[in-house]
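Trainee: I'm new to this one. Could you walk me through how to read it, feature by feature?

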Amino acid sequence: MLPTRTRRHALALCLLAWSSACTSSRTPPAPPASRAPALEASAPGALDAVVRGKVRVAGSLATGRVRGRLAVAWATAEEARALSSGKADFHLLADLFGRYRSAGEVELGAGAEAPYQLAVPAGDVVVFALLDVAGQFARSLIKGDVAGNLTGQSLSPVRLARGGTAEHDVELTAAQRARGGPDPCTGERFQRVELDEPALAGRVRNATTRRFCIYLPPSWRPGTTRRWPVAYLLPGLMSAETARFGWPHAGRIADSLADETGRELILVGVDTSSALGSTYLVDSPTTGAWETFFTQRMVRELDATLPTLATSSARVLVGHSTGGFNAMVMALRHPEVFGAAVASSPDGLDLEAWMREPHTQQAIPLAVRWMRVEDELGGGGQFSSYGGDFSPDDSPRGFAWPIDLTTGTLVEPAWSRWMAHSPAVLLREERVRAGARERLSGRILLMVGRQDEFGLHPPTELFSHQLTREGVAHELVVDEGGHHLGEVKLRAQLKWALGKLDAARE
């Protein structure tokens, strides 16, 4: 299990460097030389040794017995040092996620322990363990805030010869806690709005009360008759309505831009978390009627509650990562509702280019590894979120995987169902193309890093070229960093949005 500092460094994703090359869609850059690269495992060498032993709960935590699914993984000693220092490359972090294996349902504590066995490379190896009591493996690993789950790792590496076997026990030494601290959606110009919508439950029983964090402009006063444009802030995987009011703080950035430009807007943080991870804002029997809620009831009720300019030309979707994908899809599907979109480090906008190995019937290694882990350990995750929305069915899991989890080979019809949700595929529909040309031209901003750890630069650029071919003017900004979102990038996004939206008026 990643140390808390490492997890937050890894997946809270702060921007380390940001320099940009901005190109207009009228003079596009040369197409990328290849489609999205396959993300190969960073693991050195073959898995030609075995480490096995028992997992137990440390004495300080063993006050009783706890039951859950035990997951174990390995890292080389060098990788473990990078992880503990908080300096791990994200490729390693993504690869480590894919190395976890289930050791089954176990009961630990008060003298009870459980066996494990892992295939590992020869050399010095560290073993990680996680007892998933809450049934939320991916969230536990990525967010580190699943109350009651237990984590631990080897205090020292175990050395293995090629073809050898070593015995090595691991103690679970830390209990995760639900993230606490002050509510970031509090203050003079904050409001929280809750809407209850039973249709969002789906078969996975999502929470039906959805929360929105509202940040009002500096000139707002109670009883004002003034109306402002609004930016809907769509968060990344497993994130909720306050994701953009921590660091970087969108409200403070908006206030600074108001001083600089004389333009103001309302910010609406949207909770897109779901029982499977995040919603991709579609209507699905498994995950609920999100598209209908988002484009109809949400907008209508927030316009009735807040001092908004209730017109599409005064609404922008600003999303990062999962939120960036959602921003682009919702704008394409509903330009009559959302008149502008910012997609920052978005999930593959050309989903096939991102997920499929070129000229083969194989999915990229990253997707294969993560789907296998999510399937084996359960509790949702990135690809489970896609599945619940893109290929729902009435199976016990609630959806069909689009690949064979043993071979990584594409499986129809689930693969085609996933691809139908790709923005690149949506843009091939005449209705979508016409709406984009008429309502969104000049009102789309794509931002991505050349070093994006998930390989998202090529599919973003491919989608930019597609927009250009279809006559949809837009901006593509490419920085030299990775997947990170920081203050500089978010400031650029909100400043761009202010320049596109209707100005506030009485």
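**Reading the model step by step**

Mentor: Let's begin with one residue: Val 425 counts as partly exposed, at 23% relative accessibility. The general idea is that buried means under 20% relative accessible area, exposed over 50%, and partly exposed in between (1.4 Å probe, protein chains only). Val 425 lies in helix H12 (residues 423-426).

Trainee: Before we go on, what sort of model is this?

Mentor: This is a predicted model, where local features need pLDDT of at least 70 and side-chain atom pairs count only at pLDDT 80 or more, while totals for chains, interfaces and linings use all residues. Residues are numbered from 1 along each chain as its sequence is written, and side-chain values use heavy atoms, leaving out hydrogens and water.

Trainee: Which residues does Val 425 touch, not counting residues up to four places away in sequence?

Mentor: Contact means heavy atoms within 4.5 Å. With residues up to four places away in sequence not counted, Val 425 touches Met 419 and Ala 420. You can also look at C-alpha atoms: those of Val 425 and Glu 352 are separated by 9.2 Å, and the two residues are 73 apart along the chain.

Trainee: And Asp 255, is that buried or exposed?

Mentor: Asp 255 is buried, because its relative accessible area is 16%. You'll find Asp 255 in helix H5. Leaving out residues up to four places away in sequence, Asp 255 touches Arg 189, Tyr 215 and Pro 218.

Trainee: How do I read labels like H5?

Mentor: Helices (H or I, at least four residues) and strands (E, at least two) are DSSP runs, numbered from the N terminus.

Trainee: At what angle do H5 and H15 cross?

Mentor: Axes are lines fitted to C-alpha atoms, for helices over the stretch in contact, and angles run from 0 to 180 degrees between N-to-C directions. Here, the axes of H5 (residues 250-261) and H15 (residues 487-500) cross at roughly 50 degrees and come within 10 Å. That makes H5 oblique to H15; under 35 degrees counts as roughly parallel, over 145 as roughly antiparallel, 65 to 115 as roughly perpendicular and the rest as oblique.

Trainee: Which hand does the crossing of H3 and H9 have?

Mentor: A crossing is left-handed if the near helix is turned anticlockwise from the far one by less than a right angle, and right-handed if clockwise. The crossing of H3 and H9 is left-handed, while H5 passes H15 in a right-handed crossing. H3 (residues 90-99) and H9 (residues 365-377) pack at about 40 degrees with axes 8 Å apart, and they are therefore oblique to each other. On the H3 side the contact is made by Ala 94, Asp 95, Phe 97 and Gly 98, and on the H9 side by Leu 366, Arg 369, Trp 370, Val 373 and Glu 374.

Trainee: Now strands. How many bridges pair S2 with S5?

Mentor: Two strands pair if DSSP finds at least two bridges between them. S2 (residues 49-57) and S5 (residues 114-120) pair over seven bridges, in the antiparallel sense, and Val 55 stands opposite Ala 114 in S5. S2 also pairs in the parallel sense with S9 (residues 165-167), over three bridges. In S9, Thr 165 is the bridge partner of Val 50.

Trainee: What are the bridge partners of Thr 151?

Mentor: They include Leu 130 and, in S11, Ala 174. Thr 151 is in S7, which runs antiparallel to S6 (residues 123-132), joined by four bridges.
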